[in-house]
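This briefing concerns a predicted model. It addresses the lining of one internal cavity and then the chain as a whole.

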Amino acid sequence: MDRSPTLDPCRMQAPSKPAAPARPAATLAGILSLHDFEDRARRILPRPLFGYISGAAEDNRSLDDNRAAFDEYRFMPRVLVDVSRRSAHTVLFGKTYAAPFGIAPVGISALSAFEGDLVLAEAAQQAGIPAVMSGSSLMPMELVAERAPDTWFQAYLPADQVRIDGLIDRVARAGFRTLVVTVDIPVWANRENNIRAGFSTPLRPSLRLAWDGLIRPRWLLGTFARTLLRHGMPHFENSFATRGAPILSRDAIRDTVGRDHLNWENIAAIRRRWQGHLIIKGILNPADALRARNAGADGIIVSNHGGRQLDGAASALRVLDRVMPAAGGMTVMVDGGIRRGSDVLKALALGAKAVFAGRPFMYAAVVQGRSGVSHAIRLLYDEVDRNMAMLGINRLDELDASFLLHAGALPSRRP
């Protein structure tokens, strides 16, 4: 079965560019880039939740390297090119999107922003870009698929094939057409930052946790209390075929152990069962790109999980040129460290078809809900469009490594 038809983008109805808000909300005044959302979100979220989103593993080497890798490349633009016909449209799995970037899966997003899973998915659908719903989400996948049917679903594999089959069947019944299987969590990472910030899954009631919430009244009333009134206590809704543990509990245990024996045979079994597009997320080694290709995957996301798993794992950008030959005809995407339109274009110049970002869009949802996410999408889109003009290109497929100079480790400025 051909799951990824070859289509001519010129003959397809392309989505219009993301709409610019006529007048941004007062809360968004002064937010000029994705970087600006982080400090605003820090002032809204309780310490455990901000720590969960912002943190990574151990000494943050991989987290920091995700940004450093982009800083080591400089552009060599072409000049005196007519760029009046430029378009940022890209085609993924036969569908045309308005931009070559999307929203990566972010766990427990509905605890950080009211109805966060819906907010992210609906803003992406309205803008014409892909969004990936997290398997660690707190809203039922069926609701998100109904309200934003173009959303992709990301799964963490349960510990045995029977439960894997049940989850895959549920995703199909919900109406998702693209499944993203994250494969880089055989065991839980050493996220010391979570312990220091007071975060756990499920969250354990304590005086410290209560105090952290009380001193953030905007989050307490606007997200947590509102969620309880509208939806009741949030649960891990989508880790399995059935509902999981509540997010806040003294005794409940989230059943996420026993994945260290999973292997490529499980992916082959998923491929036989799943009729939609299959993407493998968490690839860093060319040998694994080849295994994914041989297992029948339609695409891969080159990723070190935002630095949240193996500290010291290479950034996606550093291994992209090695992974591309092994990927063959698969669609190759990347995530990790994307904050600017220039980052998007650097990844595309090195061979990626699209990129994904998670943290900045989650911060945008915390700051101003769906309109915040829409504002973030538009900011990144405008940077991509502007930089295409200054690079001297009209189409993304004109980009290649000849536009880049690897300048090595240069001083990096962090906003």
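Helix H5 is the largest contributor to the lining of the second largest cavity, giving 3 residues. That cavity holds about 90 Å³ of space. The model is predicted, and the points below set out the cavity and then the overall fold.

**The second largest cavity**

- A total of 13 residues line this cavity, and those closest to its centre are Asp117, Leu120, Val132, Met133 and Ser134.
- Two elements, helix H5 (116-127) and strand E5 (132-133), each supply two or more residues to the lining.
- By residue type, the lining comprises 9 nonpolar, 3 polar and 1 charged residues.
- In the model, 3 cavities reach 30 Å³ or more.

**Fold and dimensions**

- The chain contains 15 helices and 12 strands.
- Its radius of gyration is 20 Å, close to the 22 Å that the globule rule gives for 415 residues, so the chain is as compact as a globular protein of that length.
- The C-alpha trace extends about 65 × 50 × 40 Å along its principal axes.

**Burial, contacts and surface**

- Buried residues make up 56% of the 415 residues in the chain.
- Among contacts with a separation of 6 or more, 76% are between residues 24 or more positions apart.
- The exposed area of the chain is about 18,300 Å², of which carbon and sulfur atoms supply 53%.

Technical notes. Residues numbered from 1 in each chain as written. Predicted model: local features only at pLDDT ≥ 70, side-chain atom pairs only at ≥ 80, totals over all residues. Heavy atoms only, no water. 1 Å grid on protein atoms, 1.4 Å probe; cavity = no way out; pocket = protein on both sides within 12 Å on 5 of 7 lines; lining within 4 Å. Points joined across faces, edges and corners; volume = space filled by probe spheres on them. Helix = DSSP H or I, 4+ residues; strand = E, 2+ residues; numbered from the N terminus. Nonpolar A, V, L, I, M, F, W, Y, C, P; charged D, E, K, R; others polar. Rg over C-alpha atoms; globule rule 2.2 N^0.38 Å. Buried < 20%, exposed > 50% of the residue type's maximum accessible area, 1.4 Å probe, protein only. Contact = heavy atoms within 4.5 Å. Areas by Shrake-Rupley, 256 points an atom, 1.4 Å probe, with all protein chains shown as cover.
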